[in-house]
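Thanks for coming, everyone. Let me put the structure up, and then we'll walk through it piece by piece.

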Amino acid sequence: MATMEECRSALDTLSGNLASADGDVRGAASLDRSLSCHIRDLDVTFTGRLANGRIRVLDTADGPPREKAEIRLAMTGDDLVALVDGELNFAKAWGSGRVRLEAGFRDLLKLKSLL
């Protein structure tokens with residue numbers, strides 16, 4: 001089971017990957033939205049902001065998200081690490097329910113290029 005530190009490191013790596021992306025991925029990452037990532041097996045939520053092509057984690061709290069972020073993710077810590085390491089395909093994980101992504105319709109359309 002991934003630790004909280006490994007999950008935080010994975011989010012930092014994801015942020016760096018988004019910042020160095022180009023094309024459609026760069027466009028999707030350029031959204032300015034509040035973001036939460038609930039790690040179900042650790043029962044911890046990272047909250048922050050997706051802005052300027054980066055994810056900035058602002059807080060970590062026990063339990064599910066306290067407020068409804070504009071983009072909401074939920075998964076296990078191992079799945080987060082595997083996604084960032086390229087060992088787990090996001091579209092397949094989302095389709096099978098291993099990863100949950102919730103956002104407004106327009107944001108989902110823009111985020112689909114990340115899949």
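Start with the buried residues of helix 3. They are Gly77, Asp79, Leu80, Ala82, Leu83 and Val84. This is a predicted model, by the way. Helix 3 spans residues 77–84, and six of its eight residues are buried, so the rest of the structure largely encloses it. What does the covering of those buried residues include? Helix 1 (4–19), strand 1 (33–39), strand 4 (71–75) and helix 4 (90–96) are among the elements that do it. After helix 3 comes Gly86, and its phi is positive, near 80 degrees.

Now the sheet. It is open, it has five strands, and their order is 3-2-1-4-5. The pairing is mixed. Which strands stand at the edges? Strand 3 (54–62) and strand 5 (100–103) do. Each has a single partner strand, so one side of each has no neighbour in the sheet. From one strand to the next, the twist averages 20 degrees.

Look at strands 1 and 4. They pair in the parallel sense, over five bridges. Ser36 stands opposite Arg72 of strand 4.

Two helices to point out here. Helix 1 packs on the sheet and touches strand 1, strand 2 (44–51) and strand 3. Its direction makes about 160 degrees with that of strand 3. Helix 3 also packs on the sheet, touching strand 1 and strand 4. Its direction makes about 110 degrees with that of strand 4.

Last, the cysteines. How many disulfides does a search of the whole structure find? Zero. Take Cys7: the closest cysteine sulfur is in Cys37, 7.5 Å away, and that is too far for a bond. Cys7 is buried, because its relative accessibility is 0%. Cys37 counts as buried too, at 3%.

Technical notes. Residues numbered from 1 in each chain as written. Predicted model: local features only at pLDDT ≥ 70, side-chain atom pairs only at ≥ 80, totals over all residues. Heavy atoms only, no water. Buried < 20%, exposed > 50% of the residue type's maximum accessible area, 1.4 Å probe, protein only. Helix = DSSP H or I, 4+ residues; strand = E, 2+ residues; numbered from the N terminus. Contact = heavy atoms within 4.5 Å. Disulfide = S-S within 2.5 Å. Pairing = 2+ DSSP bridges. Axes fitted to C-alpha atoms, helices over the stretch in contact; angles between N-to-C directions.
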